[in-house]
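Here's a walk through this structure, one chain at a time. Keep the 3D view open and follow along.

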Amino acid sequence: MVAKIFSGFILAFCLLSHSLIWAASGSNGFSVSSSATKESLQYSPEQIVRFAKKVETVMAKKGAYVAILARKGRPASEMPQGMVYTHTAFAVYSTITTKDGRQLPGYAIYNLYQRADQPDVSDLVTDFPPDFFAGVAELEAGLILPSPKLQQRLLATITSPTYGALHDSHYSVIANPFTLGRQNCTEFVLDVINAAIYQTDDITRIKMNERDYFQAQQVNVNPFKLLLGSWFTSEVSLSDQPGDAVTATFTTIGEYLLKYDKGAELLRVLPD
Amino acid sequence: MKSVVLVGVFCLGFAAWSCATSNQATHHSAQAVKESGAASAHASGSAAHALVGSGQVTSAVSAVPMAASGVSLTTVGKGSKSAAATLEKAASAPAQELPLTKESVITVPPDQALDQP
């Protein structure tokens, strides 16, 4: 009897160690603000500043008032199958006031970031391109340029109370875009996009339209590992996943806009 | 009893292997961080602090979205009817290159923000 309990305990330990590894290595580095982490840079400040300015320049040359921007917070080899970028946000052309009182034209980034000390909670944070790219694993940006019409609607939504109202601070790294209760950066971006497209702040209507027209990404992680990960890691939740786990990604948002937003462009920006 | 011990030994071995193999990637990335950090003058602080320390960035205190025709839109629902009309008008205009500062701007680090009056 004691031996059976012992072997059961060992087996549970074995499975747990396997699942926790995914949770720890798979989710860290997704929607965390670079200013909130204690990570050092993987690229020199010069490389990050130069690359961030290149991304800004691409957007400005395209005349983009609002763009959707993605970064690679983890190396491709550590990403689940089908996922390329770890964090997605809006870049908004703005008048920036510096600490010494000057006003400069540039881009501000509108993010949903997980809290570093409470990974299952998120905040809406505005920062700037070098902040956004500091600490990335690879210097590469995904960029969606919506049509001018959608850009203007996005601008109207982002500068309205709807933007904040669409935020759900209960974070899950694999949040289901079709349900409520958990949200990650990409689901939030998708919700804002659909609020702008349909010019509504009605989240029920937004979710209904997303279920009808948006194609989510299957989370290609062993379901058992996912389950154990959700038990032991607060930022992985299955509470909003009624069936097979699905989530929104930068790539699926790009496909959605290329299909339904005539004139939208999808770009990849690499360093010089 | 013997089979139970064998199962136990196998599970322990598998657990150890799991830890070793899956920590490999983490170890590699940690090593990469360490190595690239060594090339950075400010590796000990956060990424944002390293950027501030590089002297290549300017700290910003605020950003206000700008609409076409240069109208600044105040955030959180203060856009006026005229601004909304401007937005609609701009949506049909062809995209033109936007002026962009050559400076690189970042958020003010918390310690510096606390120093401000």
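Read from the N terminus, chain B goes α-α-β-α-β-α, which adds up to four helices and two strands. Bear in mind as you look around that this is a predicted model. How much of chain B is buried? Of its 117 residues, 32% count as buried. Its accessible surface comes to about 7000 Å², and carbon and sulfur atoms account for 63% of that. As for how the chain folds back on itself, take the contacts between residues 6 or more positions apart: 52% of them involve residues with a separation of 24 or more.

Now swing over to chain A, which has nine helices and eight strands. Here buried residues make up 60% of the 272 residues. Among contacts between residues at least 6 apart in sequence, 71% join residues at least 24 apart. The accessible surface of chain A is about 10700 Å², with 55% belonging to carbon and sulfur atoms.

So what sits inside? The largest nonpolar core has 86 residues. The residues that touch the most other members are A:Leu69, A:Phe90, A:Phe133, A:Ile193 and A:Leu257. Helix H6 of chain A supplies the largest share of this core, with eight residues. Click on A:Leu257 and look at its surroundings: leaving out residues up to four places away in sequence, it touches A:Ile68, A:Ile144, A:Leu150, A:Ile193, A:Ile197 and A:Ala264. A:Ile193, you'll notice, is also on the list of residues that touch the most other core members.

Follow helix H6 (185-198) to its end and you run into A:Gln199, in the loop that leads on to helix H7 (203-213). Is this residue buried or exposed? A:Gln199 counts as exposed, because its relative accessibility is 54% and the cut-off for exposed is over 50%. Its backbone is worth a look too: phi is near 50 degrees, a positive value in a residue other than glycine.

Another loop, between helix H4 (148-158) and helix H5 (161-165), holds A:Thr159. This one counts as buried because its relative accessibility is 7%, and buried means under 20%. What does its side chain have for polar company? A polar atom of the A:Thr159 side chain lies 3.3 Å from the backbone oxygen of A:Ala156.

Further along the chain, A:Val219 lies in the loop between strand S6 (217-218) and helix H8 (223-232). With a relative accessibility of 7%, A:Val219 counts as buried. Which residues does it contact, once neighbours within four places in sequence are set aside? They are A:Met83, A:Ile174, A:Leu226, A:Ala245, A:Val246 and A:Thr247. You can also check its spacing from A:Ala248, 29 residues away along the chain: the two C-alpha atoms are separated by 9.6 Å.

Step from that loop into helix H8 and you'll find A:Phe224. With a relative accessible area of 41%, A:Phe224 is partly exposed. It belongs to a nonpolar surface patch of about 430 Å², made together with A:Leu227, A:Trp231 and A:Phe232. That rounds off the tour: a buried valine in the loop before helix H8, and a partly exposed phenylalanine in the helix itself.

How values were computed: Residues numbered from 1 in each chain as written. Chains lettered and ligands numbered in written order. Predicted model: local features only at pLDDT ≥ 70, side-chain atom pairs only at ≥ 80, totals over all residues. Heavy atoms only, no water. Buried < 20%, exposed > 50% of the residue type's maximum accessible area, 1.4 Å probe, protein only. Contact = heavy atoms within 4.5 Å. Patch = residues over 30% accessible without salt bridge, like charges linked within 9 Å, V, L, I, M, F, W, Y side chains within 5 Å. Areas by Shrake-Rupley, 256 points an atom, 1.4 Å probe, with all protein chains shown as cover. Salt bridge = Lys/Arg side-chain N within 4 Å of Asp/Glu carboxyl O. Core = buried A, V, L, I, M, F, W, Y, C linked by side-chain atoms within 4.5 Å. Polar contact = N/O pair within 3.5 Å; in protein donor to acceptor, adjacent residues only side chain to side chain.
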